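Work through the exercises below with the sequence and the structure at hand. Try each task before reading its solution.

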Amino acid sequence: MAVLDHERQRDKVAGEASNAPDEALSVEARGENLLAICFTAMASPCEVLLPSTTAPAAALELGAVVAQEAWRVEKKFSRYRSDSVTAWIHENRGTAIEVDRETASLIDFACRCFELSGGLFDVTSGVLRYAWKFDGSDRIPEPAAVERLLPRVGFKKLQWRSPRLLLPDGMELDFGGIGKEYAVDRAYDSLAVRCSDPFLINFGGDLRANRPPPHGPWQVGIERPDTDRRATMILDLQHGALATSGDSRRFLLKDGVRYGHILDPRTGWPIPDSPRSVTVAASSCTEAGLLSTLALLQGARAREFLEEHGVRYWLLQ
Amino acid sequence: MQLRFETRRAKAADTRRQLMAASCALLGAAAARGEEARMAPADSGLLEDWSVDSALAYYHEDGRIQAIEPVVNIAKLFADGQALNFNVTFDSLTGSSPNGALTSRSAQTFASPSGKSSHAYTTAPGQLPVDPHYQDDRIAVAGTWALPLTRVDQLSVGAKLSDEHDFFSVTVDASIAHDFNEKNTTLSFGISEEFDSLQPIGGAPVAGSDYALFEKTGHKSKNGVGALLGVTQVVTRNWLFEFNLSVDRFKGYLNDPYKITSIIDSAGNTTGYEFESRPDQRTRKSAYWENRVALGRQISTGLALRYMRDDWGVRSDTAQLHLRWSFSNLDRYVEPTFRWYRQTAANFYTPFILSTETRNTPYEASDSRLGAFHALTYGLKYAQKLPGLGGREESELSLRVEYYQQTFDERTATPAALQGLDLYPGLKAVLVQVGWRF
């Protein structure tokens with residue numbers, strides 16, 4: 001059975017260097033029973049797993065459907081591309097613009113998440129990275145520098161009535177926190193109408209499967225996020241989605257205090273005692289990703305939050 | 001303590017449901033819509049912030065009227081979420097229009113409404129009398145202003161002007177919409193008022209007066225008020241419906257000033273004509289239910305049903321079904337449409353007046369639009385998405401062709417002498433429309 005490679009599970013902020021997606025696909029055998037079609041998107045290794053009985057040409061074709069969707073979502077919403085909708089929105093700050101329906105539904109979703117999380121989940125919080133560089137050093141920012149950025153954070157400050165958006169000067173939208181999970185679900189929908197075989201789509205550790213392959217459930221390895229990055233847990237997945245949030249490699253350490261990279265958009269400072277990684281199972285990857293992100297944002301209350309919400313989860317402190 | 005824990009747990013379960021609903025709304029919207037096309041980066045220009053929907057239609061009725069109709073719709077957005085929308089329509093109709101008289105075994109000569117002898121026309125025996133000089137140009141301008149009041153409430157006000165050489169109409173309307181239930185439900189309520197002024201060529205005929213006596217008065221007017229109550233509901237991620245109830249009431253001169261009714265004797269000979277005479281009030285009530293369903297990524301379908309009844313005795317039913325099938329790369333689609341329509345006749349509808357019979361109502365009209373008929377429309381639309389202009393996401397070029405076929409369900413007993421004549425010729429029409437949205 002396949003053990004999925006979470007080795008390079010990265011934070012969504014990674015990948016400043018890769019501006020143009022490297023549009024190449026490769027087919028690999030995974031053990032005796034599975035085929036993997038691999039490509040890179042959103043700065044993550046991505047793959048589609050199919051039973052090895054699938055003809056390689058057909059597998060490549062199905063893989064291409066998934067890759068095209070991943071690249072499309074990346075191209076459309078990436079902060080790092082000058083031709084993305086995100087860039088276009090940023091260029092038109094201070095002006096009311098009308099966004100397309102897909103962007104509108106993402107903003108609606110971000111709006112609901114903001115409301116339901118009491119302001120913890122905020123797609124406008126990306127500007128805080130101008131103060132915070134999580135490079136493992138001890139360079140924590142001046143409180144004044146963080147303070148100066150706060151007026152530029154807050155979903156409430158933008159004017160949104162679908163499909164009309166007015167993004168105030170100085171603010172940014174960042175769909176990075178939901179984009180990868182959303183891309184998994186969109187790719188899943190595109191593949192589901194074309195493929196009746198069992199399949200699993202994995203974009204850098206956020207994944208979704210339609211049903212188990214004939215030889216038993218999908219086996220998914222969850223990486224333990226410490227120096228010894230070896231899969232410590234193998235989960236059996238029949239169908240549904242898993243998403244993981246958190247990255248142990250991104251932190252600052254000063255005077256013995258560890259500052260994790262999960263920032264509270266309301267204060268601009270890291271949320272203390274948040275888990276290193278949270279993996280959540282749900283029916284869609286978007287929902288799983290949202291729940292795992294919200295859990296991280298609870299800090300020390302993460303486990304309690306997951307329990308209260310009756311979620312299937314794996315938490316690494 | 002236990003109670004508090006339970007409360008928190010219940011609240012968490014509720015939040016979980018709402019998170020799930022938000023995810024489903026996002027993904028469901030994507031599924032219902034299919035893949036979004038490429039988005040072109042902003043390129044400042046005159047059309048920035050404007051969206052333009054334009055169409056040119058050509059309508060042709062077999063042996064009767066033809067029309068050319070350009071339409072332009074432009075929408076402009078303001079910084080605070082307000083929106084303005086303007087629509088300009090121009091119609092140019094020419095051809096032959098039935099004047100209401102009955103087909104006869106003899107030739108029939110009619111004077112034109114203006115009384116000019118050069119415009120008199122004669123209809124050959126066995127032919128449906130039509131006025132061959134029918135010509136009408138209409139220009140209509142409509143504007144709507146939408147104003148968000150809160151995040152979930154919106155007020156819209158609108159006005160419409162329509163002008164023809166013998167008719168001028170002004171309509172004003174206002175509506176309010178409220179979103180609730182996670183924006184899955186929208187309730188709306190609207191009212192409208194219409195003022196019409198008629199200045200028929202040669203004057204407005206006195207209702208029911210003798211055609212030969214040319215009893216006409218100056219200009220006439222009518223006005224109407226209407227109200228609409230509607231609900232739009234997202235039922236599942238793939239199903240949305242809209243349900244409306246509406247009522248309107250018109251008062252004033254409701255006749256068509258150019259329609260006459262034949263008076264025939266028991267042998268079937270036409271002995272004269274009189275101008276039509278309709279009641280001076282009409283109240284209509286209608287219910288409309290539209291469903292839109294996405295069946296997978298490439299196929300969506302819609303079914304709309306409408307029921308209308310008025311106090312003139314006209315009841316109509318409409319059913320319309322469409323299916324949109326997108327090609328696999330989603331930049332093209334074809335949309336076949338089928339519409340079925342049926343109406344009953346107004347109480348006072350009569351194809352002719354029998355001079356030997358006593359009339360039990362002061363009203364009469366032979367206008368086929370008040371008769372009983374059914375109609376079928378078959379349509380096909382093809383649309384191709386193209387790169388956008390002026391910062392818009394995309395543009396769409398479309399071609400629509402419709403074929404309309406109307407059949408009369410008239411059952412009035414006819415004098416023997418008229419049997420064998422086609423007294424109720426149906427109507428066949430073709431519509432071709434080219435649209436460009438950008």
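What pLDDT does chain A average, and what percentage of the residues score at least 70?

**Solution.** Chain A averages a pLDDT of 82, and 85% of the residues score at least 70. Here pLDDT is the predictor's confidence in each residue, from 0 to 100. The model is predicted, so local features need a pLDDT of at least 70 and side-chain atom pairs count only at 80 or more, while totals for chains, interfaces and linings use all residues. Residues are numbered from 1 along each chain as its sequence is written, and chains are lettered from A and ligands numbered from 1 in the order in which they are written.

**Exercise 1. Find where the confidence in chain A is low and where it is high.**

Step 1. Look at the elements: helices (H or I, at least four residues) and strands (E, at least two) are DSSP runs, numbered from the N terminus. Among the elements of chain A, strand β7 (residues 200–203) has the highest mean pLDDT, 94, and strand β12 (residues 251–254) the lowest, 67.

Step 2. Look at the start of the chain. Over residues 1–21 of chain A, pLDDT stays under 50. The model has 53 contacts beyond four places in sequence for these residues; two residues are in contact if their C-beta atoms, placed from the backbone, lie within 7 Å.

Step 3. Apply the caution: where pLDDT is low, the predicted coordinates should not be read in detail.

**Exercise 2. Trace the eight-stranded open sheet of chain A.**

Step 1. Write down the order, which is β1-β2-β3-β7-β8-β11-β14-β15 in chain A, with antiparallel pairing. Two strands pair if DSSP finds at least two bridges between them.

Step 2. Identify the edges. These are β1 (26–30) and β15 (312–316) of chain A, each of which pairs on one side only. From one strand to the next, the twist averages 15 degrees.

Step 3. Examine one pair. Eight bridges link β2 (residues 34–41) and β3 (residues 44–51) of chain A in the antiparallel sense. Ala41(A) has Ser44(A) in β3(A) as its bridge partner.

Step 4. Inspect the loop between β2 and β3 of chain A, where Met42(A) lies and where Ala43(A) also has its place. Phi is positive at Met42(A), near 50 degrees, and at Ala43(A), near 60 degrees; neither residue is glycine.

Step 5. Are Met42(A) and Ala43(A) buried or exposed? A residue is buried if 20 or more other C-beta atoms lie within 10 Å of its own, exposed if 12 or fewer, and partly exposed in between, with C-beta atoms placed from the backbone. Met42(A) counts as buried because it has 25 C-beta neighbours inside 10 Å. Ala43(A) counts as buried because it has 22.

**Exercise 3. Describe helix α5 of chain A and its crossing with α1(A).**

Step 1. Check the length. Helix α5 (residues 176–192) of chain A has 17 residues and reaches 25 Å from its first C-alpha to its last. This is close to the 24 Å expected at 1.5 Å a residue, the expected span being 1.5 Å times one less than the number of residues.

Step 2. Check the cover. Of the 17 residues of α5(A), 15 are buried.

Step 3. Read the crossing. The axes of α5(A) and helix α1 (residues 56–77) of chain A come within 9 Å and cross at roughly 145 degrees. Axes are lines fitted to C-alpha atoms, for helices over the stretch in contact, and angles run from 0 to 180 degrees between N-to-C directions.

Step 4. List the residues that meet: those in α1(A) include Leu62(A), Val65(A) and Phe77(A), and those in α5(A) include Gly179(A), Tyr182(A) and Leu191(A).

**Exercise 4. Follow three strands of chain B.**

Step 1. Survey the chain. Chain B has one helix and 23 strands. Of its 438 residues, 19% count as buried.

Step 2. Take the hairpin. Strands β8 (residues 167–180) and β9 (residues 185–198) of chain B pair in the antiparallel sense over 14 bridges. Four residues lie between β8(B) and β9(B), and Asn181(B) in the turn has a positive phi of about 55 degrees. Asp179(B) has Thr186(B) in β9(B) as its bridge partner.

Step 3. Move to the next strand. β9(B) runs antiparallel to β12 (residues 220–236) of chain B, joined by 14 bridges. Lys222(B) in β12(B) stands opposite Asp196(B).
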